[in-house]
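Open the model in your viewer and keep the selection tool at hand. The tour goes from strands to rings.

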Amino acid sequence: MEINVSWSPAEFTPADTGTEATARGLAGHLNSLPDLGGLLAREKALVFRGFGVGRAELDEVMDLLLPNRLAYVHGNSPRTKVGSNVYTSTEYPAEYSISMHNEMSYAHQWPARLLFFCETAPTTGGATPVIDGTRWLGCLDPEVREAFAGGVRYSQNLHGGMGLGKSWQATFETEERDRVEAFLSDSGADWKWLPDDSLRVSQLRPAIIRHPVTGDEVWFNQADQWHPASLGDDTAAALAAIMPAEQLPQAVTFPDGSPIPDEYVIQVRDRGLDNAVDVDWHTGDLLLIDNVLVGHGRRPFTGPRRVLVAMSD
């Protein structure tokens, strides 16, 4: 398998674009592009740096980069909604890495684009690593790629307001059971309400897909993030001591329910992070990625890092 070893996001600055170093200058440049979608498919990720975009100007730029912003419905990571379908990036302790993933690859519909905006740069660290999905797939052992060829099964236990992990209300951004049921029915998921007002969901999804425009075959799943082995031995053991595997907030298996070996998901996690390219943040930077062609994560950091994220189809 041919692996792209030299890819990195395309970077644009006011000097590159011949525009003023303002949000208006960036908007003018974006308006002049004949085919932003084609550019993104070719480059896979775009960094806009040095335009001095502030929170007040963000919507104007977002409307051009993400013409149809989506709500984070069925999202599994902890976030805070801070605007019109604008969220904080995953709220996870600063001292830990977030492994590489494609946003909502466990869902029946995933966003095509993600936009990150650095409102406050970290003091140290905090880069957003990105990885070409063809490289991620290609750097895995053939045994692992073959094992995942049939896809994976994701399982969720969503509590009704009190418990470990996210509630079904927060996950689906509604208090109405019928809206949740309609969403899950449309998605083809298996689901069941339990007597304690919790919800159990099971979904069969692909692990490797092809991009609809480029035809590139890419690694596209979140098996390592849903697998207890990725939490580390101590955390996994602590969880196992307090609840059986079938009651964990989230879990993943092969489609027939057989377990995924720990060493497979550790390889996926570690090689993804090791082969990623870091995008370091400066206040006002923006990063637009094709969510199928590119996986993303987060490096540990110190200081008041605040990165916002929005997504579109």
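## Stop 1: strand β11

This is a predicted model. Select strand β11, residues 199-205. Five of its seven residues are buried, so β11 is largely enclosed by the rest of the structure.

Now add strand β9, residues 152-158. β9 and β11 run antiparallel and are joined by seven bridges. Pick out Val152: Arg205 in β11 stands opposite.

Next, show β10 with β11. This pair is antiparallel too, with four bridges. Which residue of β11 is the bridge partner of Asp190? Select Ser202 to see that partner. Then follow the hairpin of β10 and β11, where five residues lie between the strands. Stop at Asp197, which takes a positive phi near 75 degrees.

## Stop 2: Trp193 and its neighbours

Select Trp193, in strand β10 (residues 190-193). Add Trp168, in helix α7 (residues 168-172). The two form an aromatic pair with 5.1 Å centre to centre and 80 degrees between the planes. What class of pair is this? It is edge-to-face, because an angle over 60 degrees puts a pair in that class. Trp168 and Trp193 are 25 residues apart, so this contact counts as a link between distant parts of the chain. Are Trp168 and Trp193 buried or exposed? Both are buried.

Keep Trp193 on screen and show Arg177. The charged end of Arg177 sits over the Trp193 ring, 4.1 Å from the ring centre.

## Stop 3: a ring cluster

The model holds 10 aromatic pairs. One of them joins Tyr106 and Trp226. Their rings are tilted, at 5.0 Å centre to centre and 50 degrees between the planes. Where do they sit in the chain? Tyr106 is in the loop between β5 (98-101) and β6 (113-120). Trp226 is in helix α9 (residues 223-226). The two residues are 120 apart, and the pair links distant parts of the chain.

Colour both by accessibility. Tyr106 has 0% relative accessibility, so Tyr106 counts as buried. Trp226 is at 1%, so Trp226 counts as buried as well. Now add Tyr154. Ring pairs link Tyr106, Tyr154 and Trp226 into a cluster.

## Stop 4: Arg305 over Phe301

Finish by selecting Phe301 and Arg305. Arg305 lies over the face of Phe301, 5.5 Å from the ring centre.

Technical notes. Residues numbered from 1 in each chain as written. Predicted model: local features only at pLDDT ≥ 70, side-chain atom pairs only at ≥ 80, totals over all residues. Heavy atoms only, no water. Phe/Tyr/Trp six-rings, centres within 6.5 Å; stacked < 30°, edge-to-face > 60°. Buried < 20%, exposed > 50% of the residue type's maximum accessible area, 1.4 Å probe, protein only. Lys NZ or Arg CZ within 6 Å of the ring centre and 35° of its normal. Pairing = 2+ DSSP bridges.
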